[in-house]
Amino acid sequence: MSLSIDLHKHSVSNTNEEAIAGRTSGLIGLEETVTWRARHFGIYQHLTVKITAWERPVMFVDVMQQGAFKSMEHTHKFEANGSGTVMIDLFNFKAPWGWLGQCAEFLFLEKYMMYFLTQRNAAIKAIAEGDQWREFLKE
């Protein structure tokens, strides 16, 4: 479900996120890209990511190709846990602008990104555990 472009759009609707280039719907796969347009901090931004690693069903990695960060790598790991699955997000990023970017990371950006990912994952969890999941796994 974390590979679903449509579920991603649904899970972060508060940022008006839209897939505007590359894979724009369905499930993204290895070596594919998607460019997102989203509003963060009141400003519309673009972020292009590429799926650079994928070991189904245990992990995949998306890496920023272009965007507001100096760098960004997001590893999604999945581990069986009883009758369910635990998803572990490893999100590494660097802000641009040298020491000014480091200050932004410390003062608010790390908290903002943690909140953003927590909200996104809560939406994915709710859909995965309910009846809606089928509509997001259509190809």
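Phe-108 is located in helix α2, which covers residues 98-129. In this predicted model, the residue is partly exposed, because its relative accessible area is 41%, a value between the 20% limit for buried and the 50% limit for exposed residues. Phe-108 also belongs to a nonpolar patch on the surface, together with Phe-41, Phe-106 and Leu-107. The accessible area of these four residues together is about 480 Å².

Aromatic contacts were examined next. A pair of aromatic rings is described by two quantities, the distance of the centres and the angle of the planes. Six aromatic pairs are present in the structure. One of them joins Phe-41 and Phe-108, with ring centres 5.5 Å apart and planes at 80°. Planes over 60 degrees apart count as edge-to-face, so the pair of Phe-41 and Phe-108 is edge-to-face. This pair links distant parts of the chain, as Phe-41 lies in the loop between β2 (33-40) and β3 (43-55), whereas Phe-108 lies in helix α2. The two residues are 67 residues apart. Phe-41 has a relative accessibility of 44% and therefore counts as partly exposed; Phe-108, at 41%, is partly exposed as well.

A further pair is formed by Phe-69 and Phe-91, whose ring centres are 6.4 Å apart. Their planes stand at 70°, so this pair, too, is edge-to-face. Phe-69 is in the loop between β4 (59-66) and β5 (71-81), and Phe-91 is in strand β6 (residues 84-94). The pair links distant parts of the chain, with the two positions 22 residues apart in numbering. Both Phe-69 and Phe-91 are buried, whereas Phe-41 and Phe-108 are partly exposed.

Two other arrangements involve aromatic rings. Phe-41 and Phe-108 join Tyr-112 in one aromatic cluster. Elsewhere in the list of contacts, Arg-37 lies over the face of Tyr-44, at a distance of 3.9 Å from the ring centre.

The protein chain as a whole contains three helices and six strands. Along the sequence, these elements follow the pattern α-β-β-β-β-β-β-α-α. The radius of gyration of the protein chain is 15 Å, and the globule rule gives 14 Å for 139 residues. These values are close, so the chain is as compact as a globular protein of that length. The C-alpha trace spans about 45 × 30 × 25 Å along its principal axes. Of the 139 residues in the protein chain, 34% are buried.

Key
Residues are numbered from 1 along each chain as its sequence is written. This is a predicted model: local features need pLDDT of at least 70, side-chain atom pairs count only at pLDDT 80 or more; totals for chains, interfaces and linings use all residues. Side-chain values use heavy atoms; hydrogens and water are left out. Patches are made of residues with over 30% relative accessible area and no salt bridge: like charges are joined within 9 Å, nonpolar side chains (Val, Leu, Ile, Met, Phe, Trp, Tyr) within 5 Å. Accessible areas come from the Shrake-Rupley method with a 1.4 Å probe; for residues, only the protein chains shown count as cover. A salt bridge is a side-chain nitrogen of Lys or Arg within 4 Å of a carboxyl oxygen of Asp or Glu. Helices (H or I, at least four residues) and strands (E, at least two) are DSSP runs, numbered from the N terminus. Buried means under 20% relative accessible area, exposed over 50%, partly exposed in between (1.4 Å probe, protein chains only). Rings of Phe, Tyr and Trp (its six-membered ring) pair if their centres lie within 6.5 Å; planes under 30 degrees apart count as stacked, over 60 as edge-to-face and the rest as tilted. A charge sits over a ring if NZ of Lys or CZ of Arg is within 6 Å of the ring centre and within 35 degrees of the ring normal. The radius of gyration is taken over C-alpha atoms; the globule rule is 2.2 Å times the number of residues to the power 0.38.
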